[in-house]
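Please consider the following protein model. A short dialogue on reading its features accompanies it.

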Amino acid sequence: MAAQPSGGEKPFHIVSPVLESLSLSQAAGTKVYMKLENVQPTGSFKIRGIGHLCQEAAKKGCRRFVCSSGGNAGLAAAYAAKKLGLPVTVVVPSSTGPATVRKLEELGAEVEVSGQVWDEANRRALELAQTEGWVSVHPFDHPSVWQGHASLVRELKDSLETKPDAILLAVGGGGLLAGVVAGLHQVGWQDVPIVAAETRGAHSFHAALAAGRLVSLPDITSVAKCLGAKMVAARALECAQECQVISQVVEDTEAVRAVEQFLDDKRMLVQPGCGAALALLYTGRLQRLQREGRLRTPLASVVVVVCGGSSIQAAQLRALKSQLGLE
């Protein structure tokens, strides 16, 4: 079962399924388990950490939440606020689609549009959070968020008979990576390598690793807007020193093809950010890492975190394919 937050309240996330995938196993040449975070109440893993942070803040007397988000974090904050009976303001960049704004409003959130990218929306959210009694819900850079996300690894430990030889995940701001590393420490799996995928044009973690320090991308040019933090959390870089983290950059075309392939294989539609992690399997990156000696050969099994994403519809997938010339 999911670990209870401190104080004993029931968490807002579910224990998500872990399923073996024959099609992904075939593509990767090794047994692949999917951790299906796309079936969480808000459509992505974000509810784990953000739900945890909101529950903690409510206990301390928070009167209103404010969250900056391109979608998934905002939906998690709005869902948690509704469960807690507290108001929430979600500041979104102008790149956020009308369907996401509608979902936020349906959950009772007050939505404010500010800036063109997440970083600009976040500046506005931090201004609002100066109001007394308001609490800033950071989408990825907060210890309570990482602690909430760590529950994902504890569930893997409960579900799998043996520890995997690698965990594959997508990196945006680095919150999921930080949570998985925290979880690996908690269950004694810190020797399990993590393969961290980003799309080119949203590759702030890859750029930081290459530079050995935090760097800011000039702009987010990838279609995977949910991975669009110009700079990752400082914690993400620390994680790369504590565990073996292998950074991989995939092209937008590979991520979107992976989304389509996954839809055909599994009848589940996920965002391009999630497609980045799936592309590691569909494009043979895993085998290449084995050939390069960066992952062991043979691999007994790997886990891919299907992080999900609420801001995707069939029409948007068609538009992305058209934009990238994949028709």
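The turns below treat confidence, overall dimensions and the nonpolar interior.

Q: How should the confidence of this model be read, and what is the mean pLDDT?

A: pLDDT is the predictor's confidence in each residue, from 0 to 100. This is a predicted model, in which local features need pLDDT of at least 70, side-chain atom pairs count only at 80 or more, and totals for chains, interfaces and linings use all residues. Residues are numbered from 1 along each chain as its sequence is written, and side-chain values use heavy atoms, without hydrogens and water. The mean pLDDT of the protein is 94, and 97% of its residues reach 70 or more.

Q: Over which residues does pLDDT stay under 50?

A: Where pLDDT is low, the predicted coordinates should not be read in detail. Here, that concerns residues 1–6.

Q: Why does the radius of gyration agree with a compact globule?

A: The radius is taken over C-alpha atoms, and the globule rule is 2.2 Å times the number of residues to the power 0.38. For 327 residues the rule gives a value near 20 Å; the protein has 18 Å, which agrees. The C-alpha trace spans about 55 × 45 × 40 Å along its principal axes.

Q: Which residues touch the most other members of the largest nonpolar core?

A: Such a core is a set of buried (under 20% relative accessible area, 1.4 Å probe, protein chains only) Ala, Val, Leu, Ile, Met, Phe, Trp, Tyr and Cys residues joined through side-chain atoms within 4.5 Å. Among the 99 residues of the largest one, these are L169, L177 and V304.

Definitions and conventions. Contact = heavy atoms within 4.5 Å. Buried < 20%, exposed > 50% of the residue type's maximum accessible area, 1.4 Å probe, protein only.
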